[in-house]
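Here are a few exercises on helix packing, a chain-chain contact and domain layout. Grab your viewer and work through them before reading the solutions.

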Amino acid sequence: MAINRSDIKRIEKLAKLKLSEEKLDDFSVRLSRVFDWIDQLKEVDVEGVAPMANPLIDLQKYTTKLRDDVVTDGDCVKEVIQNAPNAQHNSFVVPKVVE
Amino acid sequence: MTDLTRLDYASVRKGLTSKAFTVKELIQAYINNIDKTRHLNCFITEMSEHALKQASEADERIRNNEARPLEGLPLAIKDNFCTKGILTTNGSKMLSNFIPPYDSTITQKLSDAGAIGLGKTNLDEFAMGSSTITSYYDPTVNPWKKEGSDRDLTPGGSSGGSAASVAARSSLIALGTDTGGSIRQPASFCGIVGLKPTYGLCSRYGIVAFASSLDQAGPLTRTVRDSAIVLNQMAGHDSKDFTSVKYPLPDYEAALTGNIKGLKVGIPTEYRMEGLDSEISEWWEKTSQWLSDQGAEIIDVSLPHTKYALPVYYIVAPAEASSNLARYDGVRYGYRAPNTTSLEEIYELSRTQGFGDEVKRRILLGTYVLSSGKYEDYYLRAQKVRQKVTEDFTETFKKVDVLLTPTTASTAFELGENVTDPLAMYLQDLFTVATNLAGIPAISVPVAQSKEGLPIGMQLIGPRFGEETLLRTADVIEKTAGFKLKEEF
């Protein structure tokens, strides 16, 4: 399956990141090749097969349990905020979003 | 005094208990090796000062007969495990300034058991790769070289820094993660043991997520026994990871009985594929003969959907990655692009500048297969074929106890080789990736040096929670093979 520049531009927008302009053509060739190879999955008869979201789906009753709704950590504003690229008054700072 | 870095942890444990040496001497010996092998670029962050301080405390505990199960263990930690107060970069510019306010469950458990962190090891950016080449912090170099050559080889990846460090004796045991082979392939390339446990056995809490339905933490060690010792401390339910399983834990070390009489070993015919190095193929035969000589029954089996595992992986892993990596937005932590004037621009420029090319390619691939109109054709179909790949294993493990295959189709390749062809790189995961899709455990154990002098690893695959049988069989292979790490690198 061929994936062209405009397909890539569209997914760049969805993923909110950009490849450099000069890498676009190279990536479209690579991606087209990868999809040609991936297309072999169409040979497999998957009629009636349930999609497998994770390897423990049959053990879900042993894994995915709700925890008691209690505070288990917190009170570490300083440690959290120290990783923020821009913070003031214990808050993350971004450019104005509402006019 | 003997070089303490030559001992495995089982011997270290004895030496510390009998007070033949101190933890401080042991840790200092490792720090000296970190200095000596810095050209291999195993570590992104070294923790020597911290380690020496902990060593004194460990010696105090030993003096008071309060030694814990991993007391004094010189441990390297892949840099995608969050470590409280210690830089955790994930090999990415995106997290080049990230200091976690908490510890991953696994690092916390090992630290509580007495292990001493020596440093954070290099990896492919966001663990995406099989060579450690995509790291923002430059590639790691394999301590092994081809005989008569001084060209640098890759240690494999993504846990390349961890594997190279254990092989070069700048750590005794290292933590890795395995999403498609990222523990086993580098273990094989570096001549050490690498274990990927059953999905759900070891907590994923605090490990930077790549593909959440595939990621699993495991140890890289010099001996099978050391893998068993450290797995005893890593395994177990964690309420902070909702895919963590409550499973009655055995003593994995006790599983190493040396007895494999009556064990049924399957050889999957589909793994005898084109492109498999002939020397590796010969050692595969030999290894199966060793097992047969010691009472195991060798049975040819078929896993008919094997060839679809890799294309399934290259849909599922990028899809999950594109979703997991959406959190890197330049707002709360991680890299933020300078000179931005709108929130939208912060997102786009921070991600564009913060991620390397391979990560971007995988995010874009994942975004594409999840996008409207493509989801059913690709993502949903891949999940269904994943079920078929898993059913192959389920059926096969009704007939055999373990599967024996090579870990990789080739020995370590030169740094820079293969990178121009993404499909050739992806083929590095050929033998390892199906087990991640199925969530079952596998271990790589070194069996021999190739004629060029490079390590060859064999892989054992087991059913879910079959770690005991894997370790017991790997232990027998290890003892028969008598593989030795090089004296000097």
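**Exercise 1: the contact between the chains**

In this predicted model, 55 residues of chain B are in contact with 45 residues of chain A. Work out which elements of chain B supply that side, and what classes of residue it holds.

Solution. Start with the elements: H9, helix H10 (343-354), helix H11 (357-370), H12 and helix H13 (422-426) of chain B each give two or more residues to the side that touches chain A. Next, rank them: H12(B) gives the most, with ten residues. Finally, sort the residues on this side of chain B by class, and you get 27 nonpolar, 17 polar and eleven charged.

**Exercise 2: two packed helices**

Describe how H9 (residues 306-324) and H12 (residues 375-396) of chain B pack.

Solution. Take the geometry to begin with: the two axes come within 9 Å and cross at roughly 130°. Oblique covers angles over 115 and up to 145 degrees, so H9(B) is oblique to H12(B). As for handedness, the crossing of H9(B) and H12(B) is left-handed.

Now pick out the residues. H9(B) brings B:Tyr308, B:Ala309, B:Val312, B:Ile315, B:Val316 and B:Ala319 to the contact, while H12(B) answers with B:Tyr378, B:Tyr379, B:Ala382, B:Val385, B:Arg386 and B:Val389. Tallied by class, that's eleven nonpolar, no polar and one charged.

**Exercise 3: domains of chain A**

Find the domains of chain A and how far apart their C-alpha centres lie.

Solution. First, the bounds: domain 1 of chain A runs 5-43 and domain 2 runs 57-92. Then take their C-alpha centres, which lie 35 Å apart.

Definitions and conventions. Residues numbered from 1 in each chain as written. Chains lettered and ligands numbered in written order. Predicted model: local features only at pLDDT ≥ 70, side-chain atom pairs only at ≥ 80, totals over all residues. Axes fitted to C-alpha atoms, helices over the stretch in contact; angles between N-to-C directions. Helix = DSSP H or I, 4+ residues; strand = E, 2+ residues; numbered from the N terminus. Parallel < 35°, antiparallel > 145°, perpendicular 65-115°, else oblique. Left-handed = near helix turned anticlockwise from the far one by under 90°. Contact = placed C-beta atoms within 7 Å. Nonpolar A, V, L, I, M, F, W, Y, C, P; charged D, E, K, R; others polar. Domains from an automatic or database assignment.
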